[in-house]
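Reader: I have a sequence and a structure on my screen. How do I start reading them?
Author: Pick one feature at a time, and ask one plain question about each.

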Amino acid sequence: MARARSSALRSLSVVLALACGACGGDDDVNEGDHDASTAIDAGHDAALAIEEDAGEIEIDAAVEAIDAGTDASIAGDVQVATAADLARESADDYATNTYGLITGATLGRWVRDWSAARPAAITGDLVVLQIVPTGATSRVHVSPVSTGVRVYDVPQASLLEERDSGLSSIEAEIPRGESTDAFLQRYRIDPRRDLVVWVFEQLPGTTGAAVQQLGRGWLWLAYWGAEPEHLAVLNGSLDWNGANEGLPVAEIAAATPPGDGATRVSDLRRDHTTLVVHVGELIPIVRDADPAYRVVDARGGAEALGLPKATNSGRRDCASYTGSGTTARCSPLFEGRIRGAHTVPWTQLLTSADDGLRFLPKSQLRAIFDARAATAPGLTYIHYCRTNVRSMVTGLASILVLGLPTRWYDASFIEWSHLAHGPTAATQLLPADSPWRTDLPALTEHNLATGYTPGGSTSDPAITPGEWVAGPRYNADDDISPTRPVIRPEATSSAGTIETDRAYLRAR
């Protein structure tokens, strides 16, 4: 906590020095992009204007960092957590975990005799929440064979909600407080007493994307104040755990949610909003290469390399759109990765579908993170992907298995890749001197890889990585949707969602 305040105050001191003219400009802002220098360079004066205006963002980020580190005595009776407070390292053998990543054998013991087997910290029920993909119908469920065990289906669509940060409103994020209260009351969940376990079934066509949704469920409740000891995710599908771990499952219907709960997030008196990073906080971290952070990119292939037309914007109305494949959809303004990010492809952390889509053993996850994310003591890890769904897999491995202080950039690259003033009208959602621009050499980089066909498979094995160069790779106008996302150039903060949530969870 003291370190967070110290870092924030140092950032604030730098901003004040800049305002007094004690410092020069950031040389990185004035560097040319090796691949698209004319596209990025808006002139020396514009670059200086960006540097001056960026002070507003850095002051905002510094003050918020101080606020996030405020201890409970200042925040009233609400306990404010740091990222380190919320990290939980797993046992080497997942079978001994009683929260976080658990096995089917553990869940099976609880289900058979909850009153005798429940963890000592839990005084309430075992609530098993089975995520059901949109348009699907669950067949297999955990058999609730003892008193105090409740099993419900949760529509996947309920895990996300479109939010307005003040700067943007692009993709769905963590649901708001009112929606979370309604969820807790619908399923009669009291995170102070109950243990919530998120699970999924292997339906036809189920992929590792199901594990991503477990992460969204875990993050949702943890963000709103549920303590890690009251949350768990089942390692692997119900089907695999039923066949291999003795978990009692059956082709039965899930119970109807009772709808008679009374718990609200404000009852928890916990502020865990540090789990989420907004772009106004992230920009100075990246620009200054803050040594306290490691940024982790969960994407792989062409997306993580920043190759042309590799990112799906979710739109289908660009001039070049054809077909129905994911990579045939419209692209954002530019491609790349957040500068300095370490690519840890999420698919490398899981077993195959035949093996239940489980997380690899802890020792293997540790080796992957050490090699790809250059793990080191004292760091906080910020995870992102396109929309913070794939990065839920890397993030769960980070926070629940390896015990690393972990945060997520919830708006992720879909927001980052639209904060630009590029070479054409189609790539200009911000003015040249906007402090929100991320299409700058100090903030974005891309790879000079070969062997990739734009719009083709982003995981084509023919792709050969090359040199990393500073700056983004702009997409062609025809590949960019004419339907513009909501970006407000006049915004003075991108923390609107988090500020709203902090106020909501403090309400009585």
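**Strands, helices and loops**

Author: Start with a pair of strands: β9 and strand β10 (residues 231–234) pair in the parallel sense, over 3 bridges. Keep in mind that this is a predicted model.

Reader: Which residue in β10 is the bridge partner of V196?
Author: That partner is L231.

Reader: Which way do β3 and β9 run, and how many bridges join them?
Author: Strand β3 (residues 126–132) and β9 run parallel, joined by 5 bridges. Look for L126: opposite this residue stands L195 of β9.

Reader: Is strand β9 (residues 195–199) mostly covered or mostly open?
Author: Count its buried residues. In β9, 5 of 5 are buried, so the strand is mostly covered. Now check each face. One side holds L195, V197 and V199, and the other holds V196 and W198. Both faces are covered.

Reader: On to helices. How do I describe two that pack together?
Author: Two numbers do the job: the angle between the axes and the distance between the axes. Take helix α8 (residues 209–223) and helix α13 (residues 391–401). Their axes come within 8 Å and cross at roughly 60 degrees.

Reader: What word fits the way α8 and α13 lie to each other?
Author: Oblique. An angle counts as roughly perpendicular from 65 to 115 degrees and as roughly parallel under 35. The α8 and α13 angle is roughly 60 degrees, so these helices are oblique to each other. Their crossing is left-handed.

Reader: Which residues of α8 and α13 meet?
Author: From α8 come V211, Q212, L214, G215, R216, W218 and L219. From α13 come M392, V393, L396, I399 and L400. Sort them by class: 9 are nonpolar, 2 polar and 1 charged.

Reader: At what angle do α12 and α13 pack?
Author: At about 115 degrees, with the axes 11 Å apart. The crossing of α12 and α13 is left-handed. On the α12 side, K362, L365 and F369 make the contact. On the α13 side, T394, A397, S398 and V401 do. By class, this contact has 4 nonpolar, 2 polar and 1 charged residues.

Reader: Now a single residue. Is V211 buried or exposed?
Author: V211 lies in helix α8. Its relative accessibility is 2%. Buried means under 20%, so V211 counts as buried.

Reader: Which residues does V211 touch, leaving aside neighbours within four places in sequence?
Author: V211 is in contact with F200, L350, L357, F359 and V393. You met V393 in the list for α13. Compare sequence and space too. V211 and G236 are 25 residues apart in sequence, yet 8.0 Å apart in space, C-alpha to C-alpha.

Reader: L357 is on that list of contacts. Where is L357 found?
Author: In the loop between β17 (342–343) and α12 (362–373). Check its backbone: phi is near 55 degrees, a positive value in a residue other than glycine. L357 is buried, with a relative accessible area of 6%.

Reader: What is phi of A374?
Author: Near 50 degrees, also positive and also in a residue other than glycine. A374 is found in the loop between α12 and β18 (380–384).

Reader: How exposed is A374?
Author: Its relative accessibility is 29%. Partly exposed lies between 20% and 50%, so A374 counts as partly exposed.

Notes. Residues are numbered from 1 along each chain as its sequence is written. This is a predicted model: local features need pLDDT of at least 70, side-chain atom pairs count only at pLDDT 80 or more; totals for chains, interfaces and linings use all residues. Side-chain values use heavy atoms; hydrogens and water are left out. Helices (H or I, at least four residues) and strands (E, at least two) are DSSP runs, numbered from the N terminus. Buried means under 20% relative accessible area, exposed over 50%, partly exposed in between (1.4 Å probe, protein chains only). Axes are lines fitted to C-alpha atoms, for helices over the stretch in contact, and angles run from 0 to 180 degrees between N-to-C directions. Angles under 35 degrees count as roughly parallel, over 145 as roughly antiparallel, 65 to 115 as roughly perpendicular and the rest as oblique. A crossing is left-handed if the near helix is turned anticlockwise from the far one by less than a right angle, and right-handed if clockwise. Contact means heavy atoms within 4.5 Å. Ala, Val, Leu, Ile, Met, Phe, Trp, Tyr, Cys and Pro count as nonpolar, Asp, Glu, Lys and Arg as charged, and the others, Gly among them, as polar. Two strands pair if DSSP finds at least two bridges between them.
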